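Look at how the protein chains meet the DNA in this model. We will take one DNA strand, then the other.

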Protein chains: 2
Amino acid sequence: MTQRSFRRASGDERSQALIKATLASIAEGGLQNATVRDIAQRAGVTAGLIRHYFPSKEALIQAAYRALMQDLTDNVMAALSDVPSLSAGQRLQRFIEANFQAAVLDSQMLSLWAAFISVVPSDPAMKAIHQEHYLAFRDSLEQLLTAFFQAQGKAIKASETEQAAIAINAIIDGLWIEGCLAQHLLSAERLAALAVQSTEAILGMRLQANHEANC
Amino acid sequence: MTQRSFRRASGDERSQALIKATLASIAEGGLQNATVRDIAQRAGVTAGLIRHYFPSKEALIQAAYRALMQDLTDNVMAALSDVPSLSAGQRLQRFIEANFQAAVLDSQMLSLWAAFISVVPSDPAMKAIHQEHYLAFRDSLEQLLTAFFQAQGKAIKASETEQAAIAINAIIDGLWIEGCLAQHLLSAERLAALAVQSTEAILGMRLQANHEANC
DNA sequence: AAATTTATTATACAGTTGTCTAACAAGAAC
DNA sequence: GTTCTTGTTAGACAACTGTATAATAAATTT
C-alpha cells in the first residue's frame, strides 16, 4: 500500500481545525453525528490523527464546547471594545444587541448550543465548562448594569442588580432561541429591539435618552 | 433454548411504556444514550419488540418528542382548568407560574428539551413537531393576553399583543433554562416571581390589583 | 546529505449500533 | 381442550463506533 501524501501542520493549527470540524459536525446533526470519522473527514485528515491531538474523543468535544463559548463571548465583547467612549446605557444596549448579530442568531448555532446543554446536567466536565461561561456572561451583564445605575445617579442594591441581570439574561436567551428556531418569522432587528425594549421595561428606565423622558 | 416467560400487554400500554423509557433514557444521557437496547431494558422488554410498535427507532424518538410536548402543555394548562372563575390577570399569572412547577423546572426536563431542540433545525420531521407545539403555546399566551387587555378596558393592536407574547414567551423560556441549569442558586418561587414581575414590566401594568396602583 | 524527530496514514480490533427473521408462548376464540 | 392470532423473545447480521498500533513520509536538526 502506498501512503497518500499529506501536509504537516503545526500543532495548534491542526487542533483548531479539528475543533472547528467538530463544531460543524455537531451543528449539522447533533452530538450523534459527530463521530471521529466524520470529524476527521471534515478536517481533511484520517480518524487516527484525532488521538494524536486529543487523549480521547470526549476531550475533543469538551475542547469544542470551550471554544464555542469563548467565541460567543468574544463576539459579544467585540461590540463594546471597538467603540471607545460610549455612555453606560449605550454600552448596555450594544451588549444586548450583539446577541442578535447574524453570526450568533443562527439555527446551527442553536443546534450546537442545545446539543451541549443536553449533556451539561449529566456530565460533570461539561457542567464545569458551562458554569464558568454562564457566570462570566452574567457578571459582564451585572457590571454593565452597575455602571448604568451609577451613571443614572440611582442607588441600587446589589441584590436588585443581580435580579435584573438574571431577568435580562433570560430575555436575551429566550429571544435568541425563538429567533433561531423561527428565523423566517422574526428578524434580527425586531428581536434586538424587543430585547432592548423589554430590558428598559424591567429596569424602569430608558437606556438612551433619545426621546424626552415622560413622568 | 428455553424462552423467558413474559406478559402480553395491550398495544397502547406497551407503546406508552416504550415512549416513557425513551424519554428517561434521553433525559439521563442525551440522544446518544438512547439506544434501542437501553430503551428496551428500561421498559423491561427486549430490543426487538420496539420494531413491533414503531416502524423505526426514528419514529419512536418522534413519538417521544410529541408525547413530551403534549405532557408539558397539559401540565401548564391544568393550572388554569382546575380553578373555575379567575380574573384574566390571575389566569395569565397562573399560566406563567405553571412553567416553574417542580415537574417542569427540572434539569432532566431541560436535558430532554435541549436534546430534541438540537436536532430540530436539521430534521424536518422534528421541526414540524416543534412548530406545532411552539405556535400552540404562543397562541395560548396571546389569548390570555387578549382577554387581559380586554378586562383592563385597553384597546391594544393585534401586533402589540403578538409582540408581548413573544417577549413573555422568551422570558419564561429563558428563566426556565437558567433555573434548570442552576437549580441550587435560583428557587422556583424566585423564578416565578421574576417572570411575573418582568411580564408586568413589559405590559406596563400589574396582573393582580393586590396593591393600589401608583400613577 | 544524512540522521532524527514526529505528524500522519493505514489498518486492525473488540464492542456497539439499528434492523431483521424465525421460533415461541400468552391469551382469545371456538 | 383445541385452534388461532399475535405479542414477545432470542439470536444473527452488516454497518459503524472509539481506540490502539505499526508503518511511513514530511519536516527539522545535525
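In this predicted model, an N or O atom in the side chain of Arg14(A) sits 2.5 Å from a phosphate oxygen of DNA strand C. Tyr53(A) also reaches a phosphate oxygen of this strand: a polar side-chain atom of Tyr53(A) is 2.4 Å away from it. Arg7(A) uses its backbone instead, with a polar backbone atom 3.0 Å from a phosphate oxygen of DNA strand C. Two elements each give two or more residues to this surface: α3 (50–53) of chain A and α2 (36–43) of chain B.

Now step back to the whole surface near DNA strand C. It has 28 residues around the strand. Among the closest are His52(A), Arg8(B) and Arg51(B). Of the strand's atoms within 4 Å of the protein, 67% are sugar and phosphate. What kinds of residues make up this surface near DNA strand C? Nine are nonpolar, nine are polar and 10 are charged.

Turn to DNA strand D. Here 27 residues surround the strand, and Arg51(A), Lys57(A), Arg14(B), His52(B) and Tyr53(B) come nearest. Arg14(B) places a side-chain N or O atom 2.5 Å from a phosphate oxygen of DNA strand D. Tyr53(B) has a polar side-chain atom 2.5 Å from a phosphate oxygen of the strand. Arg37(A) reaches a base: an N or O atom of its side chain is 2.8 Å from a base oxygen of DNA strand D.

Sugar or phosphate supplies 66% of the atoms of DNA strand D within 4 Å of the protein, and bases supply the rest. On the protein side, α2 (36–43) of chain A and α3 (50–53) of chain B each supply at least two residues.

Key: Residues numbered from 1 in each chain as written. Chains lettered and ligands numbered in written order. Predicted model: local features only at pLDDT ≥ 70, side-chain atom pairs only at ≥ 80, totals over all residues. Heavy atoms only, no water. Near = heavy atom within 4 Å. Polar contact = N/O pair within 3.5 Å; in protein donor to acceptor, adjacent residues only side chain to side chain. Helix = DSSP H or I, 4+ residues; strand = E, 2+ residues; numbered from the N terminus. Nonpolar A, V, L, I, M, F, W, Y, C, P; charged D, E, K, R; others polar.
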